[in-house]
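Please examine the structure shown below. The report that follows describes how its parts meet.

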Amino acid sequence: MTNEPIPELGGFDEASLDKAFAALEQQARADAASLDGEEAVEAYRLQWLGRKQGRLNDVSSRWLKAAPAEAKKSLGQRFNALKATVEQLLEQAAGSGPSDAALAAEAIDITLPGTRRLLGAEHPITRTMNEIVSVFAALGYSVGVGPEVETDFYNFESMNFPPGHPARDTQDTLVIANQERKPLRDRLLLRTHTSPVQMRTMQSQPPPVRIVIPGKVHRNDAQDATHSPIFHQVEGLCVDTNITFSDLKGTLDHAMKALFGSSVKTRFFPSFFPFTEPSADVQISCIFCGGKGCRKCKHSGWIELLGCGMVDPAVFAFAAEKQPAYDPKKISGFAFGMGVERIAMMKYGISEIGSLFAGDMRFLGQFA
Amino acid sequence: MKILTKWLRAFLPALPVDDTQLAEDLTLRGIAVEGIYDLGKGNGSLYEMDITTNRVDAMNHYGVAREAAAIYGLTLPELHFPLPEAKAAATPFSVQIEAEDACGRFTARVLRNITICESRDLPVAPVVSYFNLLEQKKISNAVDATNFAWLAMGQPTHAFDLDKIEGGIIVRRAHKGELLKTLDGIVRNLDPEDLVVADHVKPLGLAGVMGGWDTMITPETKNVLVEAAWFDPIAVRRTARRHGLHTDASHRFERGADFNAAPVASALVSSILLANGGSIEGDLVDMRVPALEARTAHRQAVALSLSEVQRILGTTVDPEGITAATVETVLTALGCELAHRREAGSAEPASAAWLVTLPGWRLDLEREIDLIEEVARVYGYNRFANTLPSFGEGVRALAWAESESVVRRTLLAAGFHETIGSTFCSAADASLTAPQPGLVVPLGNPLSEEAGVMRPSLVPGMLTMIAGNLNRDVSDVRLFELGTVFSGSTEKVEERAALAFGAAGIAPEQGAMHSARPIEFYDLKGVVEQLVARFESRSVYFDRFPADAGLTPAWLHPYRSARVAVEGETVGWFGQLHPREAASRKIKDAVFAGEIYIDRLYQLPLRKPAAKEISRFQPVRRDFSLILDENISWERIDQAIGGLNIPELVEWRAREVFRDKKLGRDYSLLLGVTFQAPDRTLREEELQDFQTRVVEAVGKAGARLRG
């Protein structure tokens, strides 16, 4: 930065003024060219524009004040031009930021791992359940829910399980203590399926009904790789006039394609459930091998995925006790149900059902 | 169950398909073949079957053959086993059915001068060949004969040593105190409800379940009584259950046997036994109970119409659809008899409406819908089209569905993984964590002692899962669960939605360049604050009760936990796990956990975001360094400043809390205050006035400015 004093002014004639201001401008430009960093810029500002010791202040007090009246206008114009130039130089210097060398000194090791905020992971069961529910929501199904502790009536009797049915045995069903004195239908148990919500919904509203029922269910099962006493189901119920078996087929075929991809095929087998008739098991073409046969589908090309059927008239008869519009001669409907764990395990390659309920951070973190 | 295709083909020589195709066709009609095993040239295949419990009639070779006949439109010959002429009996063998509610039919045939020996192949019954292919153990011609009849037609039969029977047969309930040694060698104490086949002196066997030891066939047996009967499902189930027995016979009777099969099976067993000499004495004794016969073999015909079939089943791929001819062909093949009828007032022609007489072996068929299922099943489910029903209703969302989703998203964004825990806990954990002690619901048949009651809180499961992670050396834990908790009594159980969360280890946002910081109370409090802020409420506050008040949940550190209240109502508790509780669970790390009674938050509307204009005028920040007595909480300072009601005082917070020995019982607090006006730049005099008022207010609250 220049230490040179303000040059002496040879006279107030045009030529002298031109020379003096040209020298000052050259100094200002030379100084500005070597500015590096905020501090240098600030020093430059103080040196040239400082109110007390700034060079322009000097120029003003020495030359302008001494100037004869006729030269004041000409000198003032040159002074303002110089000030504008300095301000412009200052602006450029301040805007250009630090030099390359200064930047190099700020180098960091970008190969160090990034600082990660932990992203919470939705549970694979919640995720799968929501996927299934949204497929049916798009088909006009509302979500229905019900209690996990149910009465025998809703869980079994109204679902057309005969009195001595093995599912009613405590070997298969978890029950609340001290129910023996109560009438069978009032006894409390842990629902073994989400089907009771079908009955609760029908008893509370006349047809048409389209509901999808996600929920936790329990059975008195020993834990192994694929069985757990705690698991989840999604059930669906559709009741209206003129609901047919072919509607059931079309609905589930569409749903399976939406869940597993449009190339998935479905096929239906006769099966048996107390609360539907005709009843069917549904298989989808193996999502791993496309139907050619692999270990996952036991070389059959098919994977069994859900149970379904036309709502049994006996079930409608229970609903009609509270809502007479459920006359099986006038309306019909279908119901279906699927195990969420099985689908989640298949979709995400989970081999042990128990890992879904162990709360292991390493397992859950994979679903973030 | 195992089925030989060779045996099926003996019943249906005209079967037009190979074993693989037959298996596929049967499976698609609900008679599921799970595995096919080639038995070598000339022996056909062995099918491993999985048949649903309602189709007990198809759990034998003749039953499967009947299904095949229906599929391919073949005629299945009726079973008939010719017997030599009987010698007249001096007196007919005496059979009495005393238990008329439980025994519908009892047939008895007396065979004299029988030779008990090894089985051999007979034209009527290739016992040895079939048993070898099935890997069925051969015992003697008498036992093998009853097993053969079972495998052939699914009718249980029994052969008695006639000379050990005293008097005749009585089918009755057991007498109290009677003992019976069954074929498995166990002496059983009979219950007065047990149904037994007895003679005039003693019980001979558990009816429909298992025969007796004392009257079994031995190599010395000369004279045989062949029993073939029909027993009531419930009576057999009760007897079998009481004695912990499950036999082929009880399996069939429990699910309903064919009332008409008894004499046929009796003839089959007799013809095998007579192959080695001997003779029949007297006619078949055939006792029947008309009431039970009417309920089984002679049930009322069922009305069926084509329009109902079509209403339920809908559209087929084949444009012709299900016709009257389809219905008739299918049902006739299954053993039904169809008679045309005209329904009163119906426009439907008689040709499309029937009265259907049901076959005795299909007790599962009772109603019109059962027949419709048979039509669909045999026609083939996959020949129906895929159609979609039309629907005009809107989808209704559950009231709290969006709230739950917001809560889940908030916890996920805070870096907690979602988990799902056990619905059960131990009684000890329940009494430790139940919000309402004493309202814990026990299970009648718990999976284990640790799962003895319905969880009254999500905390036990959360602590178990945190401990599980720590035990596996996963030290950084962030978990939450949204689930149901249970309270009440065994009379009435209440269910509520709850949220629990837990954390241990270091705060996760530390990178390699910064030192790690352990997670602390305030990390959880921040999550709770943000969670509660998702809901619209007039007031939220956190407080702590004196340790001896008994209000803080026992699982929480009494001095490092807080209650959160919204609009004056407790919505949850959180804090550090009580160190003694941690010790009892062998947890060495500091663990933080909390439970929110989320159902109470769901009562509140979700906060609706509303944009406020952001002031264009410069905010002014002032920091105050305060010295406070340790008993003066931040809340006092917070309320003092809030109480000033200066609209331009837009934000204040504790920027830093500093404790030092030099300060003794005091601590220092750096209070940051921001002033800003929406409509102007604040003047110096205004700011000076605000500052004075802030200093005065915190001074009244007990703080003094640091020197």
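The report turns to the contacts between chains, then to a helix, then to aromatic rings and a charged network.

**The interface of chain A and chain B**

The model is a predicted one. In this model, 81 residues of chain B are in contact with 85 residues of chain A. About 6,800 Å² of area is buried between the two chains, and carbon and sulfur atoms give 56% of that area. The rule finds seven salt bridges across this interface, together with 39 residue pairs in polar contact, both residues being at pLDDT 80 or more. On the side of chain B that touches chain A, 32 residues are nonpolar, 25 are polar and 24 are charged.

The table lists some salt bridges between the chains, with the distance from N to O.

| Residue of chain A | Residue of chain B | N to O distance |
|---|---|---|
| A:Glu277 | B:Arg367 | 3.5 Å |
| A:Asp312 | B:Arg367 | 2.6 Å |
| A:Lys329 | B:Glu308 | 3.8 Å |

B:Arg367 appears with A:Glu277 and also with A:Asp312. In the pair with A:Asp312, B:Arg367 belongs to the loop between β17 (353-357) and α12 (368-379) of chain B, while A:Asp312 belongs to the loop between β8 (302-311) and α10 of chain A. Are these two residues buried or exposed? B:Arg367 has 27% relative accessibility and therefore counts as partly exposed. A:Asp312 has a relative accessible area of 0%, so A:Asp312 is buried.

The bridge of B:Glu308 and A:Lys329 has a distance of 3.8 Å. Because B:Glu308 lies in helix α10 (residues 306-313) of chain B and A:Lys329 lies in the loop between α10 and β9 of chain A, this pair joins two chains. B:Glu308 counts as buried at 12% relative accessibility, whereas A:Lys329 is exposed at 52%.

A polar contact at the interface involves A:Ser142, a residue of strand β1 (residues 142-143) of chain A. A polar atom of the A:Ser142 side chain lies 2.7 Å from the backbone nitrogen of B:Arg396. Apart from neighbours within four places in sequence, A:Ser142 is in contact with A:Arg210, A:Ile211 and A:Val212, and also with B:Gly394, B:Val395 and B:Arg396. Why does A:Ser142 count as buried? The reason is its relative accessibility of 3%, because buried means under 20%.

**An enclosed helix in chain A**

Helix α8 (residues 196-204) of chain A has nine residues, and seven of them are buried, so this helix is largely enclosed by the rest of the structure. The buried residues of α8(A) are A:Pro196, A:Val197, A:Gln198, A:Met199, A:Thr201, A:Met202 and A:Gln203. Which elements do they pack against? In chain A, they pack against the strands β2 (149-151), β4 (209-218), β5 (230-240) and β9 (332-339), and against the helices α7 (152-155) and α10 (313-320).

**Aromatic pairs**

Over all chains, the structure holds 31 aromatic pairs. One of them is formed by A:Tyr348 and A:Phe367, whose ring centres are 5.4 Å apart and whose planes stand at 80°, so the pair is edge-to-face. A:Tyr348 lies in helix α11 (residues 340-348) of chain A and A:Phe367 in the segment after α12 (361-364) of chain A, so the pair ties together parts 19 residues apart in sequence. A:Tyr348 counts as partly exposed at 25% relative accessibility, and A:Phe367 counts as buried at 10%.

In chain B, the rings of B:Phe545 and B:Trp573 have centres 6.0 Å apart and planes at 45°, so this pair is tilted. B:Phe545 lies in the loop between β23 (540-543) and β24 (556-566) of chain B, and B:Trp573 lies in strand β25 (residues 569-577) of chain B, 28 residues apart. B:Phe545 is partly exposed, with a relative accessible area of 21%, whereas B:Trp573 counts as buried at 8%.

Ring pairs also link A:Phe136, A:Tyr141, A:Phe334 and A:Phe336 into a cluster.

**A charged network in chain B**

Over all chains, the structure holds 68 salt bridges. One of them joins the side chains of B:Glu374 and B:Arg362, at 3.0 Å from N to O. B:Glu374 lies in helix α12 of chain B and B:Arg362 in the loop between β17 and α12 of chain B, twelve residues apart. B:Glu374 counts as buried at 2% relative accessibility, and B:Arg362 counts as buried at 1%. Salt bridges that share partners join B:Arg362 and B:Glu374 into one network with B:Arg55, B:Asp57, B:Glu67, B:Asp364 and B:Arg377.

Technical notes
Residues numbered from 1 in each chain as written. Chains lettered and ligands numbered in written order. Predicted model: local features only at pLDDT ≥ 70, side-chain atom pairs only at ≥ 80, totals over all residues. Heavy atoms only, no water. Contact = heavy atoms within 4.5 Å. Buried area = accessible area lost by both parts, 1.4 Å probe. Salt bridge = Lys/Arg side-chain N within 4 Å of Asp/Glu carboxyl O. Polar contact = N/O pair within 3.5 Å; in protein donor to acceptor, adjacent residues only side chain to side chain. Nonpolar A, V, L, I, M, F, W, Y, C, P; charged D, E, K, R; others polar. Helix = DSSP H or I, 4+ residues; strand = E, 2+ residues; numbered from the N terminus. Buried < 20%, exposed > 50% of the residue type's maximum accessible area, 1.4 Å probe, protein only. Phe/Tyr/Trp six-rings, centres within 6.5 Å; stacked < 30°, edge-to-face > 60°.
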